[in-house]
Amino acid sequence: MKWLSIRLRLTLWYFAIFLLAELIFGAGMWLILRENLFDIADIALEGQAADLQRFLEARKDIPARQLGAEISEDYKIERSEDYLQISDDSGNLIYRSRFFEEHPLSSLNLHELDRPVYENRRLGHQPFRLIGEPMDVNGHIYIVRIGHPLHEEIETLDDFRRYLLWFAPLLLLGASGVGYWLSGRALAPVDALARTARTISGHNLSSRLEQLHSGDELQRLSDTLNEMLGRIESAFLRITEFTADASHELRTPIALIHIEAELALRKSRDEAEYREALRHILVEADRTTRLIEELLTLARADSGSEALKFHSLDLLIPLRDSASKWSQLASKQNLQFIDHLDAQHLPVMGDEDALRRVIDILLDNALKYTPTPGKVTLSAKQATGFVTVSVEDTGIGIASQDQVKIFERFYRVDKARSRELGGAGLGLAIAQWIVHLHKGSITVNSQPGKGSVFQLHLPAENSQELPKLAGTP
Ligand code: ADP
């Protein structure tokens with residue numbers, strides 16, 4: 001059954017259901033017709049019995065032995081009664097029509113006969129409906145048997161059966177044909193969807209399946225497939241953009257290394273000049289290494305292979321480490337560095353290295369984008385259910401239209417400036433990915449020319465209810 005198409009399977013179901021319905025209907029109708037025909041025959045028999053009763057009552061004074069002759073003469077002539085037998089209460093025959101002479105009936109016992117008995121019998125190759133009943137005529141009990149030939153009824157039943165056998169297969173064929181056509185019509189949109197789906201590849205991911213407006217399951221199927229295509233398309237575009245941006249970002253430092261080396265080799269130089277050229281090459285090589293490392297992190301994040309190792313930790317430890325590292329760098333840049341890390345513990349469930357990386361990204365940015373004289377403040381506190389870390393600077397700030405975009409990959413407000421400072425626009429994208437994996441959020445509040453505040457919200461460990469944080473996916 002499985003190798004058959006849905007259309008053929010549906011047609012077979014139509015066929016089977018119609019066949020069953022026809023069998024039940026045909027047999028039922030035949031039985032009802034048969035019962036009705038027998039009822040009509042019974043009414044005719046009862047009419048004849050009543051007629052006979054009246055005839056016998058009119059001759060109540062005639063002795064039983066003359067009654068047979070009387071019936072032969074009068075009753076038979078008047079009513080041409082061919083199938084009649086009358087006996088008295090002791091079973092002695094009073095009258096028997098010729099047919100019953102030739103095809104005698106079995107005798108009926110008066111004691112068992114308290115009401116009329118009907119039976120179907122074949123007599124002389126003919127079907128008969130017979131009534132046997134006790135008849136009380138002025139105190140004389142007669143046992144009367146009257147027959148009704150059933151050939152007309154049987155003929156009607158045979159005709160009905162014949163018609164049924166002729167029409168049923170025709171109806172069955174017709175119904176199966178209609179079923180085949182209907183299922184074909186119902187499944188036609190599926191074929192159309194499959195045909196369109198087959199033409200969609202990586203080159204035309206923007207194509208969509210035909211929009212159905214049938215409001216049924218097929219419309220839901222095509223809508224769902226179209227939504228899925230939309231998601232695949234945007235994922236595909238993201239990857240294509242990412243690859244293009246990554247190649248572009250990688251080309252710049254490599255081109256710089258190439259130019260630097262070429263210029264250094266163009267003519268012979270003194271040691272100091274070579275050293276300077278090599279130092280430039282080293283800076284660009286470092287930048288390239290960092291960029292490749294960031295690209296790898298994001299690629300692994302996309303493929304889901306960059307698994308973090310979660311365990312309970314005190315966030316104060318990485319925060320204090322970072323504070324001591326970045327305060328030295330800040331003082332080298334003539335920036336003021338303040339930390340407010342006075343909490344006893346900041347328990348979170350997380351990956352320590354990944355969270356260190358987030359703090360480093362935020363502090364690195366704060367130092368990069370804060371000109372002297374400026375101030376960078378690192379603070380952390382625990383509130384109900386979550387731990388908040390803030391990195392505040394008095395730097396250049398970010399315009400509100402850029403604030404949503406800075407978490408996108410490769411987005412930099414001032415591309416040239418960021419590149420000069422060693423940024424490829426990937427730091428905040430990585431930070432956001434890590435924070436989201438911790439079921440936390442990262443927000444920015446900034447005013448151009450005044451400074452920025454980046455805030456991390458992480459669910460505190462053992463917090464009974466984890467609040468839904470703004471910006472959490
Ligand atoms: P980058 O490595 O270029 O700094 P990020 O993803 O870390 O990339 O940041 C994206 C952009 O957001 C930066 O290029 C910069 O324009 C802006 N930005 C980030 N942090 C700050 C900040 N503290 N002050 C001003 N601008 C910032």
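1. Let me start with the strands. β1 (residues 84–88) and β5 run antiparallel and are joined by five bridges. If you want a spot to look at, D88 stands opposite Y142 in β5. Keep in mind as you read on that this is a predicted model.

2. On to another partner of β5. Strand β4 (residues 126–137) pairs with β5 over 10 bridges, again in the antiparallel sense. In this pairing you'll find F128 opposite P149 of β5. The two strands, β4 and β5, make a hairpin with two residues between them. One to check in that turn is N138, which has a positive phi of about 50 degrees.

3. How much of β5 is covered? Strand β5 spans residues 140–149 and is mostly covered, with eight of its 10 residues buried. As a general reminder, side chains in a regular strand alternate between the two faces of the sheet.

4. A cavity comes next. Searching the whole structure turns up one cavity of 30 Å³ or more. The space in the largest cavity is about 40 Å³. Its lining is made up of L56, R59, K60, L67, V137, H140 and Y142. You've met Y142 already, as the residue in β5 that D88 faces.

5. Now D42, which sits in helix α1 (residues 6–58). Is D42 buried or exposed? D42 counts as buried because its relative accessibility is 9%, and the cut-off for buried is under 20%. Leaving aside residues up to four places away in sequence, D42 touches Y118 and R129. R129 is worth a click while you have β4 on screen, since that strand covers residues 126–137.

6. Helix α7 (residues 316–332) deserves a look of its own. Its 17 residues reach 24 Å from the first C-alpha to the last, close to the 24 Å expected at 1.5 Å a residue. The buried residues of α7 are L316, P318, L319, S322, A323, W326 and A330. Why do they fall on the same side of α7? Because they cover an arc of only 140 degrees around the axis. On the other side of α7, Q328 and K332 are exposed.

7. What covers that buried side? The elements over the buried residues of α7 include the strands β6 (311–314), β7 (335–340), β9 (374–383) and β10 (386–393), along with helix α8 (352–368). After the helix comes N334, with a positive phi near 60 degrees.

8. Then there's the largest pocket, which holds about 810 Å³ of space. It is lined by 39 residues, and those closest to its centre are N365, K368, Y369, G423 and G427. Which element gives the largest share of the lining? That is α8, with seven residues. At least two lining residues each come from α5 (217–266), α6 (271–303), α8, α10 (415–420), α11 (427–437) and β12 (451–459). So α8 turns up twice in this note: in the pocket lining and among the elements that cover the buried residues of α7.

9. Last, a glycine. G440 is placed in the loop between α11 and β11 (441–447). G440 counts as buried because its relative accessibility is 0%. For a long-range landmark, try T388: G440 and T388 are 52 residues apart along the chain, and their C-alpha atoms are separated by 9.8 Å.

How values were computed. Residues are numbered from 1 along each chain as its sequence is written. This is a predicted model: local features need pLDDT of at least 70, side-chain atom pairs count only at pLDDT 80 or more; totals for chains, interfaces and linings use all residues. Side-chain values use heavy atoms; hydrogens and water are left out. Helices (H or I, at least four residues) and strands (E, at least two) are DSSP runs, numbered from the N terminus. The expected span of a helix is 1.5 Å times one less than its number of residues. Buried means under 20% relative accessible area, exposed over 50%, partly exposed in between (1.4 Å probe, protein chains only). The arc is that of the directions from the helix axis to the C-beta atoms. Contact means heavy atoms within 4.5 Å. Two strands pair if DSSP finds at least two bridges between them. On a 1 Å grid over the protein atoms alone, a cavity is a set of points where a 1.4 Å probe fits but cannot get out, and a pocket is an open set with protein on both sides within 12 Å along at least five of seven lines; lining residues have an atom within 4 Å of a point. Grid points are joined across faces, edges and corners, and a volume is the space filled by probe spheres set on the points.
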